[in-house]
Amino acid sequence: MTSTAPAPTPLPPAAVQAERLIALGAHRIAGLTARGLCEAADRLPTGALLVVHPDRAPASALAPLLELGGKPGFVVADMTDVDAFEPIEAVELPAAPVYAVRGVERGDEMLNWSPDEALPAITAAGRTPLTLAEGIHWLLQCPDVLARNVCFMTIGSRLRKGDGRLDSRTPALWISNGTGRDGRERRGAPKVGWCWAGNRHTWLGFASATARAAV
């Protein structure tokens with residue numbers, strides 16, 4: 001399926017990304033100083049996304065900072081364990097409080113693929129799937145990355161059960177229709193939710209990147 005949505009706006013310069021996170025209070029959530037975050041941004045490669053490690057700024061704390069059309073983001077009611085979703089074995093996060101993610105793409109060419117189908121294609125292309133926290137950071141900088149009927153999954157994060165098997169849920173970011181437990185007041189709001197690993201959805205692609213590096 002081919003997307004007809006406009007391409008997302010480019011990432012802002014590193015200093016602007018740091019200012020945005022500071023204005024939202026993300027540095028306080030992470031226990032970082034504003035100066036420290038700005039200094040990290042000074043080392044960010046050109047065109048890269050500035051990400052605070054999820055150990056310091058979990059998805060549950062960042063999701064409410066999202067905003068679209070004046071409506072704040074939220075985590076779906078049946079994902080109370082959102083922060084237990086961790087990087088899959090193929091994804092290694094830098095051991096640093098702040099790191100860079102390069103070559104971020106929304107993955108529109110994989111709309112209507114299942115997560116089980118998309119992951120091998122992403123890795124075969126020499127790319128790495130975004131984690132949920134990385135996807136949220138991208139939306140904090142570029143809210144228009146979420147477009148009606150063109151949103152994305154972040155299959156770099158999965159929940160592992162006690163017996164070692166992966167939970168069948170895969171996290172995703174899309175725009176709420178205000179139905180069910182979301183509530184009508186949340187129609188149009190950015191939403192952290194999940195889909196089954198074997199299911200396809202016409203409005204969900206698969207976000208990925210080329211590399212991660214400490215800054």
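User: How many aromatic pairs does a search of the whole structure find?

Analyst: A pair of aromatic rings is described by the distance of the centres and the angle of the planes. This is a predicted model, in which local features need pLDDT of at least 70 and side-chain atom pairs count only at pLDDT 80 or more, while totals for chains, interfaces and linings use all residues. Residues are numbered from 1 along each chain as its sequence is written, and side-chain values use heavy atoms, with hydrogens and water left out. Rings of Phe, Tyr and Trp (its six-membered ring) pair if their centres lie within 6.5 Å; planes under 30 degrees apart count as stacked, over 60 as edge-to-face and the rest as tilted. The search of the whole structure yields three aromatic pairs. One of them, Trp-138 with Phe-152, is tilted, with 5.6 Å centre to centre and 40° between the planes.

User: Which parts does the pair of Trp-138 and Phe-152 tie together?

Analyst: Helices (H or I, at least four residues) and strands (E, at least two) are DSSP runs, numbered from the N terminus. Trp-138 belongs to helix H6 and Phe-152 to strand S8 (residues 151-153), so the pair joins parts that are 14 residues apart in sequence. Trp-138 and Phe-152 are both buried (under 20% relative accessible area, with exposed meaning over 50% and partly exposed in between, for a 1.4 Å probe and protein chains only). A further pair, Trp-194 with Trp-196, is edge-to-face at 4.5 Å centre to centre and 70° between the planes. Trp-196 counts as partly exposed because its relative accessibility is 43%.

User: How many residues of H6 are buried?

Analyst: H6 is mostly covered, with 10 of its 10 residues buried. Among them are Glu-134, His-137 and Gln-141.

User: At what angle do the axes of H1 and H6 cross?

Analyst: Two packed helices are described by the angle between their axes and the distance between the axes. Helix H1 (residues 14-24) and helix H6 (residues 132-141) have axes that come within 10 Å and cross at roughly 100°. H1 is therefore roughly perpendicular to H6 (65 to 115 degrees; under 35 would be roughly parallel, over 145 roughly antiparallel and the rest oblique). On the H1 side, the contact (heavy atoms within 4.5 Å) is made by Val-16, Gln-17, Arg-20, Leu-21 and Leu-24, and on the H6 side by His-137, Leu-140 and Gln-141.

User: Is Ala-14 buried or exposed?

Analyst: Ala-14, in helix H1, is buried because its relative accessible area is 18%. Leaving aside residues up to four places away in sequence, Ala-14 touches Ala-41 and Leu-44. On the same basis, the residues touched by Val-215 include Leu-44, Pro-45 and Tyr-99. Val-215 lies in the segment after strand S14 (211-214) and is buried, with a relative accessible area of 18%.

User: Where is Asn-112 found?

Analyst: Asn-112 sits in the loop between strand S6 (98-102) and helix H5 (115-124). Its phi is near 75°, a positive value in a residue other than glycine. With a relative accessible area of 28%, Asn-112 is partly exposed. Asn-149 also has a positive phi, of about 75°, although it is not a glycine. Asn-149 is placed in the loop between H6 and S8 and is exposed, with a relative accessible area of 53%.

Definitions and conventions: Axes are lines fitted to C-alpha atoms, for helices over the stretch in contact, and angles run from 0 to 180 degrees between N-to-C directions.
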